[in-house]
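Student: I would like a close look at a single part of this model, treated residue by residue and then set in the context of the whole chain. Please give one connected account.

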Amino acid sequence: MKKLLVFLLLAVLLLSACGQKPVYGVSSNEDNSISVTAENGPKGSGGLGYLTVGEGETVVVACAMNEGAKLQLRFFAGLLGSEDFPDEPSLELEVSGGDTARATLEPGEYTVAILAQSKLSGTALVSVES
């Protein structure tokens, strides 16, 4: 019985030390926005999203993540896989913690590459506003 209790205690300690599995996700939404969610998301995690920017609209990146979290966003004019997809981004932004960033882009469709520059937890929303 004593061996079983020691085994259970060790199992509980190991499970609590391991913590939760890291989660990092990027998804394009039907409302022309991109959601980023992370829970202990590892540095180097990445994903792609898509946005359409209209005439006179501004891209807004609202970040609600832990202090020290950093996201890099690269906006490429066009859709990934198209023949004329550019080698270089039209715009690069970096946001951190609870920052909000705004930028203007030429009207059109954009592929957005989003990369975690540090371990992070929280959410970010990339959207377009008039």
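Tutor: In this predicted model, Leu71 touches residues from several parts of the chain, not counting those up to four places away in sequence: Tyr24, Val36, Met65, Leu93, Glu94, Val95, Ile114, Leu115, Ala116, Gln117, Leu120 and Ala124. One of these contacts, Ala116, is also the residue that stands opposite Leu71 in β8.

Leu71 belongs to the largest nonpolar core, which has 28 residues. Within this core, Leu71, Leu73, Phe75, Ile114 and Val126 touch the most other members. The core draws on many strands: β2 (33–41), β3, β4 (58–65), β5, β6, β7 (100–104), β8 and β9 (120–129) each supply at least two of its residues. As a general tendency, nonpolar side chains in soluble globular proteins are buried together.

The strand in question is β5, which spans residues 70–77. β5 pairs with β8 (residues 108–116) in the antiparallel sense, over seven bridges. The pairing can be followed at two positions: Leu71 faces Ala116, and Phe76 has Thr111 as its bridge partner in β8. β5 also pairs with β6, again in the antiparallel sense, and here six bridges are found. In that pairing Lys70 stands opposite Ser96 of β6.

Next to Leu71 in the numbering comes Gln72, which likewise lies in strand β5. Is this polar residue buried or exposed? Gln72 counts as buried because its relative accessibility is 14%, below the 20% limit applied here. The side chain of Gln72 makes a polar contact, at 3.5 Å, with the side chain of Gln117. Leaving aside neighbours within four places in sequence, Gln72 is in contact with Glu92, Leu93, Glu94, Ala113, Ile114, Leu115 and Gln117. Among the residues that Leu71 touches are also Leu93, Glu94, Ile114, Leu115 and Gln117. As for the side chains themselves, in a regular strand they alternate between the two faces of the sheet.

These pairings place β5 in an open sheet of four strands, whose order is β3-β8-β5-β6 and whose pairing is antiparallel. The edge strands of this sheet are β3 (46–53) and β6 (91–96), each of which pairs on one side only. Neighbouring strands of the sheet are turned against each other by 25° on average, with direction ignored.

Further strand pairings involve β9. β2 and β9 pair in the antiparallel sense over six bridges, and Ala38 stands opposite Gly122 of β9. β4 and β9 also run antiparallel, joined by eight bridges; in β9, Leu125 is the bridge partner of Ala62. β2, β4 and β9 are among the strands that each supply at least two residues to the core described above.

For the chain as a whole, there are one helix and nine strands, and along the sequence they follow the pattern α-β-β-β-β-β-β-β-β-β. Of the contacts with a separation of 6 or more, 70% are between residues 24 or more positions apart. Of the 130 residues, 31% count as buried. The accessible surface of the chain comes to about 8000 Å², with 55% belonging to carbon and sulfur atoms.

Note on methods
Residues are numbered from 1 along each chain as its sequence is written. This is a predicted model: local features need pLDDT of at least 70, side-chain atom pairs count only at pLDDT 80 or more; totals for chains, interfaces and linings use all residues. Side-chain values use heavy atoms; hydrogens and water are left out. Two strands pair if DSSP finds at least two bridges between them. Axes are lines fitted to C-alpha atoms, for helices over the stretch in contact, and angles run from 0 to 180 degrees between N-to-C directions. Buried means under 20% relative accessible area, exposed over 50%, partly exposed in between (1.4 Å probe, protein chains only). Contact means heavy atoms within 4.5 Å. Accessible areas come from the Shrake-Rupley method with a 1.4 Å probe; for residues, only the protein chains shown count as cover. A polar contact is a pair of N or O atoms within 3.5 Å; within protein, one must be able to donate a hydrogen and the other to accept it, and residues adjacent in sequence count only if both atoms are side-chain atoms. A nonpolar core is a set of buried Ala, Val, Leu, Ile, Met, Phe, Trp, Tyr and Cys residues joined through side-chain atoms within 4.5 Å.
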